[in-house]
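Let's walk through this fold together, one question at a time. Keep the viewer open and follow along as we go.

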Amino acid sequence: MDRIPTVDLSPFLNCNEVDSDDDQLLAQRKKIKEVINEACSEFGFFQILNHGVPTSLMRQTLDLSKTFFNYPDEEKLKCSRAPFAVGYNRQASPHSGQNEYLLFSPRFGFDGIYPDTPAGFREVSEEIFSHLTKTGLVVERILNECLNLPPNFLHEYNPDRNHDAMIHRRYQPATDTENNGLYSHQDANCFTFVVQDNVGGLEVLKDDIWIPVLPSEGCIIVNIGDVLQVLSNNRYKSATHRVVRPTAAQQSRHSIIYFYGLEGDKWVEPLPQFTKTIDEKPKYKGFYYKDYTALRMKNIQLQGSRSEDVIRITHYALPD
């Protein structure tokens, strides 16, 4: 597999008990799970179509996001909630990247984070967040089956969606000397959805080669995070990815990112299904998720966000 696969999720939507007797539907699901399982094992990225999020809503959200980021700085800064991570903020470092973003999480609510203008920005953002949450539950169930875990295992392990988050992000055009949009990294969470515009710039690393994730109408990108890599004892790969800013004159890149998160007090370690049960050694020592995210954040602040200095999940790796 040398390119990001795209799978149609429609066979998994609106399922019910009758589905178990539909041989054709079961065969379709089996094929889709095979593709997803291979993609997660090889480099942690795949794309989904017919996922339940209307394409028109994705376009509308990106359009309103573009309008917001075109406002003067003084207007955008009204949505800043420093020192908290939510609200408006920006990265302006040659190491971490050049971008600005608006971050929301249910733990903090929409009030005071989303501006009154452009009209409908908050309402549309709430709507797409709700859709992405539902799609996340579908993808979680599929991954649960791909990993041959007990029914509803991942959902019961991680039922609280208040720890999810969503970001509107803009990357300014590249300069003649620098095009770093977002440094090479892996996501700490379970998995992430990305809705990108037609500019491109997202890349995933596989076999030391950066593979562009080309924009495709109506597609949502899924990338696996550190939590699933640890739980699966490296069966699934937390995707190494970055964003390269566009070189076209006056062309910015916009995206919507949804993080399927995890409650901070949750204990994370390789599951016995991938260790003791099959007589394989754990590749990671256990940790509390909040300790890992706090360590990452502190390290980034101290080291100036250079990619090579960022704490990664290998911090918890056990010797072979």
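A quick definition before we start: a residue is buried under 20% relative accessible area, exposed over 50%, and partly exposed in between. Also keep in mind that this is a predicted model.

Q: Does N50 count as buried, partly exposed or exposed?
A: Look for N50 in the loop between β2 (45-49) and α2. Its relative accessibility is 44%. Buried would need a value under 20% and exposed one over 50%, so N50 counts as partly exposed.

Q: What is the phi of N50, a residue that is not a glycine?
A: Stay in the loop between β2 and α2, where N50 is found. N50 is not a glycine, yet its phi is positive, at about 50 degrees.

Q: Which class of exposure does D208 fall into?
A: D208 is found in the loop between β8 (202-206) and β9 (209-212). Its phi is near 65 degrees, a positive value in a residue other than glycine. The relative accessibility of D208 is 72%. The cut-off for exposed is over 50%, so D208 counts as exposed.

Q: Which residue in β9 stands opposite V204?
A: The strands β8 and β9 pair in the antiparallel sense over 4 bridges. Across this pairing, V204 faces a residue of β9, namely I211.

Q: What are the edge strands of the open sheet of 4 strands?
A: This sheet has antiparallel pairing and the order β6-β11-β8-β9. Its twist averages 30 degrees from one strand to the next. An edge strand pairs on one side only, and here the edge strands are β6 (180-185) and β9.

Q: What is the strand order of the open sheet of 8 strands?
A: The pairing in this sheet is mixed. Its edge strands, each pairing on one side only, are β1 (6-8) and β3 (87-93). The twist averages 25 degrees from one strand to the next. Read across, the order is β1-β2-β10-β7-β12-β5-β4-β3.

Q: How many of the residues of β5 are buried?
A: Both faces of β5 are covered. On one side A165, I167, R169 and Y171 are buried, and on the other M166, H168 and R170 are buried too. The strand is therefore largely enclosed by the rest of the structure, and the count of buried residues is 7 of the 7.

Q: Which residue in β12 stands opposite R169?
A: On one flank, β5 runs antiparallel to β4, with 5 bridges joining them, and Y101 stands opposite R169 there. On the other pairing, 7 bridges join β5 to β12, which also run antiparallel. In β12, the residue opposite R169 is S255.

Q: In what sense do β7 (residues 191-196) and β12 (residues 253-260) pair?
A: The two strands are joined over 6 bridges. Q196 stands opposite S255 in β12. The sense of the pairing of β7 and β12 is antiparallel.

Q: At what angle does α2 run to β12?
A: Helix α2 lies across several strands, including β3, β4 (97-104), β5 (165-171) and β7. It also lies across β10 (220-224) and β12. Its angle to β12 is about 115 degrees.

Q: Why is α2 described as oblique to α4?
A: The axes of α2 (residues 55-69) and α4 (residues 121-146) come within 10 Å. Roughly antiparallel needs an angle over 145 degrees, and roughly perpendicular one of 65 to 115. The crossing angle fits neither, which means α2 is oblique to α4, and its value is roughly 140 degrees.

Q: How many nonpolar residues does the contact of α2 with α4 have?
A: The crossing of these helices is left-handed. From α2 the contact uses L57, M58, Q60, T61, L64, S65 and F68, while α4 brings F121, V124, E127, I128 and H131. By class, 4 are polar, 1 is charged, and the number of nonpolar residues is 7.

Q: What is the form of the peptide bond from T117 to P118?
A: P118 is found in the loop between β4 and α4. Y71, in the loop between α2 and α3 (73-76), touches K76, T117 and P118. Omega of the bond from T117 to P118 is near 0 degrees, and its form is cis.

Definitions and conventions
Residues are numbered from 1 along each chain as its sequence is written. This is a predicted model: local features need pLDDT of at least 70, side-chain atom pairs count only at pLDDT 80 or more; totals for chains, interfaces and linings use all residues. Side-chain values use heavy atoms; hydrogens and water are left out. Axes are lines fitted to C-alpha atoms, for helices over the stretch in contact, and angles run from 0 to 180 degrees between N-to-C directions. Angles under 35 degrees count as roughly parallel, over 145 as roughly antiparallel, 65 to 115 as roughly perpendicular and the rest as oblique. A crossing is left-handed if the near helix is turned anticlockwise from the far one by less than a right angle, and right-handed if clockwise. Contact means heavy atoms within 4.5 Å. Ala, Val, Leu, Ile, Met, Phe, Trp, Tyr, Cys and Pro count as nonpolar, Asp, Glu, Lys and Arg as charged, and the others, Gly among them, as polar. Two strands pair if DSSP finds at least two bridges between them. Buried means under 20% relative accessible area, exposed over 50%, partly exposed in between (1.4 Å probe, protein chains only). Lists of a residue's contacts leave out its neighbours within four places in sequence.
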